[in-house]
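Here is a short report on the fold and some local details of one chain. It moves from totals to sheets, then to a pocket and single residues.

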Amino acid sequence: MKLPAVSFHSIFGHGSLPNHAICKVHFADLTSSKPNVQFSPSTLRVPLNSAVSGHYHIRIQGISKEHQREYIKVFAKLPENDDSESNSRKTYEDMLDAVTQKSESDLRSEKSSLGSTESSSHAEEVSNCLSFPRQELSQYLFDSDVYLHKLRAVNLHVLASEQWNASHLKTCHRTYLASATNLIHYLALHCLDVDQLKEDLCSVGLLNLKYANTNVLASITASIQLLENLKPDSSYKRTWPMDMRNYLTLQEGEKVVDLGISAMRKRASMHAAALFGHLQEKKNAHIMVTVGREAIANEMLLGDLLKAGANIIRINCAHDDPSVWSEIIRLAKHSSQMLEKPCRILMDLAGPKLRTGPLKTGPDVMKISPKRTAQGDVISPAQVWLSRTGCSPPPHLSLDATLFVDGDRFFKELDVGDVLKFIDVRGKQRSLTISKKFSVFSGCGYVAESLKTAYLESGTKLCIQKKRGKVSIGEVVNVPAIQHFIRLRVGDLLTITRDPRLYLEEIDATAYGAPRITCDSGRLFDSVKPGDPIAFDDGKIWGVVKGTSINEIVVSITQASPKGSKLGAEKSINIPKSDMHFEGLTSKDLVDLDFIATNADMVGISFLRNVCDMVIVLQEVEKQNLQGLGIVMKIETRDAFENLPLLLLQAMQSPNPLGVMIARGDLAVECGWDQMASIQEQILSICSAAHVPVIWATQVLESLAKSGIPARSEITDVASGMRASCIMLNKGKYIVEAVAMLNSILHNCTAKKNVKTLLKPLFP
C-alpha cells in the first residue's frame, strides 16, 4: 500500500530547519531496502511506500549547539509482510505505531549544551523566588524537557496519521469532517505506548490524555505551548496555535474548520442535539424507553412515561406489525402534543438475528388467585381490574389480573359493593366483589376482589344480582392465551429443528429424548459444528452443540438456573465462535425501512458487522432520499466492536444524524462477560473522539422496572451511563417508576448543589 510522505518540518519546534544547520539522517536498516530521503533548508521529507516494511531509527540532528539540544529520535514500526489487499481492508491498523526514545546520555548532552553559566544563574533566580530546593528544581527542569520532546513526537505522529488517512477524510461529509479528523488523531494516539507519559503529565498537573478524547490535537499542542513557556531560555519560546486553526480546510469554499478545544466540544453537543433533540430540563442525558403492544392496551402509559421524564420512544420491529407500530406512534405523538413535551421515535430493524420459533400456545384461560400463607390461609384477596375493552387501569394500581367485559347495560348498573357471581372453567361457583371505581382517560373501570382461586376464559358470564330479582349479565372477552415454554436444566438435551410446523413436544416424544424448539434460519444449520458453544435468551442459558444434521441440531445444556431456566418463543440464539455469514439488510428490514422513513425520527441498524453492511445501509438511505433520518448503529457483535472506527468513518460520509447504541445484551454474549466492562469503556472513548452520541442500553434499572425495587448496583450503573448522551430502559410492570427514578438520578447528579447546605467537618 502506497503511503504519503511524512514531513518532519516541525520536529525542531521552530517550524522549519534553519538555513545554516546541516542535517544528517541515519537509518538503522533492518531490511534490504532503504527509502529515499529528500531535504531542503525548509523541510525534510521521508517517503514511505510499499518498499519500506521494517524498522527504522530516524535521527535528525542539527550541527549547531542551538539545535543539538533539539535532537529527537523517532522509532517507527510499519506492519511486516502485509499485502496491499489486506492493508486496504485494515486502514486503521496501518497507522504508524511509534514510540519516542531518548537515552540518558542524550539528555546529559542536552543539559550541558544549555550553557552552564546562564542556566545556573537562571535556576538560582527561580529557586530564590519559589523557595524550591536546588536538587528538586534541577529535576523539574530535566523532566519538563523530557515531556516536551515526547509530546512533540506524539504531535508529529498524530499529524502524520492524518495525512496517511487523507483518503478517508476526503470522503467524509463536511458535517463530520472535523469529527472524523479528531477520530483519526485519537486512534493515532492510542496506538502508541504512552501510558508512562500519561502518568507523568498528570503528576505535574499538565494534561490528562484520558480526558482529551474530544480534542486530541488541540490538547497536545496546548501542553507543548505550556512546557515551552516554562523553559528557562526565553529566547527559545515559540507560539503554538492554542486553538489549532488552519489544520483542516473544507473542500468547498475557503471556510476554515476550527479544531480548538471549545469548538470541538460544541460540535459533540451539536451532533447529540441533531439526533435526540435539545435537552429540555437540567440533566445531561436523554431517557429512552422501549414499548410494545402494552402501550395500546394501556392508553395512559405513554403519557405517564413522558411525564416521568422520557423523551424518546423505542419500537423493536422484531415484534408486532405495522398496525401496532402505527397506533403506538399515534398515541406517542398525541401525548406529546397534549403535554407539550418533546418525543422522538426510534425504530430498530430486526436484522439477521437468530431467534427461537413459535411454541404451541395454551388455552385462553386466566387464573385469579389470592395471596396465601404457607399453610394456605388467605393473606389478601386477589385484585382484578374490570372495564370495557381498551380501557386500561391506572398505572399506580397493583393488580393481579385485568378482565375486559362486554355489555353496556352491565356497566350502567354496576356499582361499588355489588357481588358478581360466575361459574369458572372447572365448574365451580365463584364471586367477585366490587371494591373501588376509577375514572380513566377512555371511560371508567372497577377494582374487584376475590377470596378464592378461580379460572376464567373468554365467554365466562358475570351476573349482578340486584334487588327485586333484576339480573345484569356481562361476558368476559379477549382473554390472552397462555404462553408455553420449555424448562431446561444442566445436562438436558435440546433439539433445534428447521421445521416451523413443529411445536412444543414432550421430552419422551422425540427421537433424541429431548424437547424441541424451532428456528427457521438456514444459516444456523449451515454454520454450526459439534463443539461450538451456543447461548439462548441473551446468555441466560448456555449449551454445547453435540450433533448436527441438515434439519436438526442437538444441544447439551451446560449452564442454567438450578431450578431450571425457561426458554420460550422469540428468544435470541447466539453462536459466538461461529463464522456465520450475515446479510446487511434482510428483505423484512427493507420493507420495514419504508414504514420507518415516514413514521420515525431514527432507525436502529441491528447486527452490523463490517463496512460492507454500513455501505448497504447508506445506499438504501440515499436511494430513498432520507437525509433527515437519524442512523443509530447498534454494536452487538464482536465484529462490529472491532470495526467500530471504520464503521464510524464510513457512516460519516452521509449527512444524516449519527449515533451508536451499546447493546450490552448480545455484546456480552458474543465477547464474554469478563470483557464487557472494558468493551463499553472503549466504545464510549471512541465515540467521544468521533463526537458521536451514545445510547447506554440493556438491563438499566431492570429490577426496578420488573419488581418495583431497585438494586444498588443498578444505581451505580446509571451513574456510569451518564457519560452517554442517552440511557435506555426496557419494558416492565413498573417502568413508569423506573423512568421517574432515572430522571431523579440525572437531576441530582447534574444540579449544582449549594455548598452551604452540605455537612462540614469539624475544625479546631
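A contact here means heavy atoms within 4.5 Å. On that basis, take the contacts between residues at least 6 apart in sequence: 70% of them join residues at least 24 apart. The model is predicted.

## Chain totals

The chain has 764 residues, and 49% of them count as buried. Its secondary structure comes to 24 helices and 35 strands. The accessible surface is about 37,300 Å². Carbon and sulfur atoms hold 51% of that surface.

## The closed barrel

Eight strands form a closed barrel. The order is β8-β9-β10-β31-β32-β33-β34-β35, and the pairing is parallel. From one strand to the next, the twist averages 25°.

One pairing in the barrel joins β10 (residues 344-348) to β31 (residues 602-605). These two strands run parallel and share three bridges. Leu 346 stands opposite Met 602 in β31.

Helix α10 packs on this sheet. It touches β8 (286-290), β9 (312-316), β10, β31, β32 (630-635), β33 (658-663), β34 and β35 (726-729). The direction of α10 makes about 85° with that of β10.

## The open sheet

Strands of a sheet pair through backbone hydrogen bonds, either parallel or antiparallel. The next sheet is open and mixed in its pairing. Its seven strands follow the order β11-β30-β26-β27-β28-β24-β25. β11 (354-355) and β25 (516-518) are the edge strands, each pairing on one side only.

Within this sheet, β26 (residues 533-536) and β27 (residues 541-548) pair in the antiparallel sense, over four bridges. Ala 535 has Trp 542 in β27 as its bridge partner. Helix α20 (residues 664-671) packs on the sheet and touches β26, β27 and β30 (572-574). The directions of α20 and β30 make about 25°.

## Strand β15 and its partners

How much of β15 (residues 382-387) is buried? Five of its six residues are, so the strand is largely enclosed by the rest of the structure. β15 pairs antiparallel with β19 (residues 443-450) through six bridges. There, Trp 385 stands opposite Val 447. β15 also pairs with β16 (residues 401-406), in the parallel sense and over four bridges. In that pairing, Ser 387 stands opposite Phe 404.

The strand pairings described so far are set side by side below.

| Strands | Sense | Bridges | Opposite residues |
|---|---|---|---|
| β10 and β31 | parallel | three | Leu 346, Met 602 |
| β26 and β27 | antiparallel | four | Ala 535, Trp 542 |
| β15 and β19 | antiparallel | six | Trp 385, Val 447 |
| β15 and β16 | parallel | four | Ser 387, Phe 404 |

## The second largest pocket

The second largest pocket holds about 910 Å³ of space. It is lined by 30 residues. Thr 214, Ser 688, Arg 723, Ala 724 and Ser 725 lie nearest its centre. Two elements give two or more residues to the lining: α10 (261-276) and α21 (676-689). Helix α10 is also the helix that packs on the barrel strands, including β10.

## Residues in loops

Which loop holds His 691? The residue is found between α21 and β34 (694-697). Its phi is near 60°, a positive value in a residue other than glycine. Buried means under 20% relative accessible area. At 2% relative accessibility, His 691 therefore counts as buried.

Asp 537 is found in the loop between β26 and β27. Phi of Asp 537 is near 55°, again positive in a residue other than glycine. Its relative accessible area is 12%, so Asp 537 is buried.

Is Glu 583 buried or partly exposed? Glu 583 counts as partly exposed because its relative accessibility is 39%. Its place is in the loop between β30 and α16 (587-599). Leaving aside residues up to four places away in sequence, Glu 583 touches Pro 352, Arg 523 and Asp 613. Asp 613 lies 30 residues from Glu 583 along the chain, yet their C-alpha atoms are separated by 7.4 Å.

Notes:
Residues numbered from 1 in each chain as written. Predicted model: local features only at pLDDT ≥ 70, side-chain atom pairs only at ≥ 80, totals over all residues. Heavy atoms only, no water. Buried < 20%, exposed > 50% of the residue type's maximum accessible area, 1.4 Å probe, protein only. Areas by Shrake-Rupley, 256 points an atom, 1.4 Å probe, with all protein chains shown as cover. Pairing = 2+ DSSP bridges. Axes fitted to C-alpha atoms, helices over the stretch in contact; angles between N-to-C directions. 1 Å grid on protein atoms, 1.4 Å probe; cavity = no way out; pocket = protein on both sides within 12 Å on 5 of 7 lines; lining within 4 Å. Points joined across faces, edges and corners; volume = space filled by probe spheres on them.
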